[in-house]
Amino acid sequence: MGLILSENNLDGTILECIGNLSSSLSVVDLRNNNFRGQIPENFAKGCMLKSLRINNNELEGSLPQSLGNCKDLKLLNVGNNNLNDTFPNWLRNLDQIQVLILRWNRFYGQVDSFDVTVSLNHLHVIDLSHNNFSGNLPTHFFEHLHAIREGYGKKVEPEYMVDAIGGITTNYALGLSFTTKGLETNNQFSGEIPKMLGELHLLIILNLSHNCLIGPIPSSLGDLSELESLDLSSNKLEGKIPTELKNLGFLEILNLSQNNLKGPIPQGKQFDTFTNDSYLGNLDLCGLPLSKRCGTDEETPAKFDRDGDELNWKFSILMGYGSGLVLGISMAYIVFTTGKPWWLTRIVERVRQRFAER
């Protein structure tokens, strides 16, 4: 039922017998090896795969459409390979998909034509960064992320990312960690930040850094009460920093640097914890922690008492650009890395404690 060969030095091509066995296999994990060549294209109807991890290899070619036969697939990670293909529109067949990782490949073209009305209903993680995708921010993705929009305020422990396979509980979040700053993202999107992002109430990380985004920071982002990290750096954003962002009581990381923001920096609550680095490159900003004082014609936002530091882990969205020719997108994003970051463990434990107290 499970074939786990990850973290080795295996090479050669992935044998087509993997596709033939997909009618019985539930888990295939070949990540972090030296496999090359193409992914087998013989995933037949009746495919029982729930988790396929072949990331961090040297695979080439396209993503096989026959994977659309794996109706129960919940995790697909082909990141960090050399795949060259357009966005796989056949993913609309995978209406159970929760985690989709295509990062660090050579996927190209626009994503706007993708029919997401069904297939994103259960999606928690999507990472398309470091590719050659282009076009405006695909707002339709956000509109159909029902797993993030719904369930806010429910006092039950979430059961996403967990499944029972062969009597063994499998946690799809194992091996996942967060990138809270825009160091790993690499995209090029234009247009304004959609106001409807404020409806993704369970969002915990939002990274739209290193794009060509214009316009103001939507005040609706102040409705993301669970947000712990906000990175909008290296864009072309204008206007004032919305005072509504002071409502983000769990915010630990803020990066608004390298934009065209102006006016006074909000004061109080979490804003008292951020340093100059959060605002570098915005020459018309003023007020603490910057040394530039605001003029008499500019109103400094009032202070509020700081909230507690309780953390919560649910969902994340990152979309980035960076420099160079590599483009892509990353949404509802948890980046795969090695190791087990201490702060991610802390977040998970605090979530468990919160729900246990309830």
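Accessible areas here come from the Shrake-Rupley method with a 1.4 Å probe, and for residues only the protein chains shown count as cover. With that in hand, select the whole chain: its accessible surface comes to about 15900 Å², and 48% of that belongs to carbon and sulfur atoms.

Before zooming in, some ground rules. This is a predicted model, where local features need pLDDT of at least 70 and side-chain atom pairs count only at pLDDT 80 or more, while totals for chains, interfaces and linings use all residues. Residues are numbered from 1 along each chain as its sequence is written, and side-chain values use heavy atoms, with hydrogens and water left out.

Still on the whole chain, switch to cartoon: you get four helices and 25 strands (DSSP runs numbered from the N terminus, helices being H or I of at least four residues and strands E of at least two). Of the 358 residues, 53% are buried, meaning under 20% relative accessible area, with exposed over 50% and partly exposed in between (1.4 Å probe, protein chains only). Contacts (heavy atoms within 4.5 Å) reach far along the sequence: among those with a separation of 6 or more, 65% are between residues 24 or more positions apart.

Next, pick out β2, β4, β6 and β8. They form an open sheet in that order, with parallel pairing; two strands pair if DSSP finds at least two bridges between them. Because β2 (11-13) and β8 (82-83) are the edge strands with a single partner each, one side of each has no neighbour in the sheet. Three bridges join β2 to β4 (residues 34-38), and D11 sits opposite N34 in β4.

Now select N55, in the loop between β5 (51-53) and β6 (58-61). Is N55 buried or exposed? It counts as buried, because its relative accessibility is 3%. Its side chain makes a polar contact with the side chain of N77 at 3.2 Å (a pair of N or O atoms within 3.5 Å; within protein, one must be able to donate a hydrogen and the other to accept it, and residues adjacent in sequence count only if both atoms are side-chain atoms). Leaving aside neighbours within four places in sequence, N55 is in contact with R31, N32, N77, V78, G79 and N81.

Jump to L206 in strand β16 (residues 203-207). L206 counts as buried because its relative accessibility is 0%. Draw a C-alpha distance to L232, 26 residues along the chain, and you should get 8.2 Å.

Last stop: F271 and F274, both buried.
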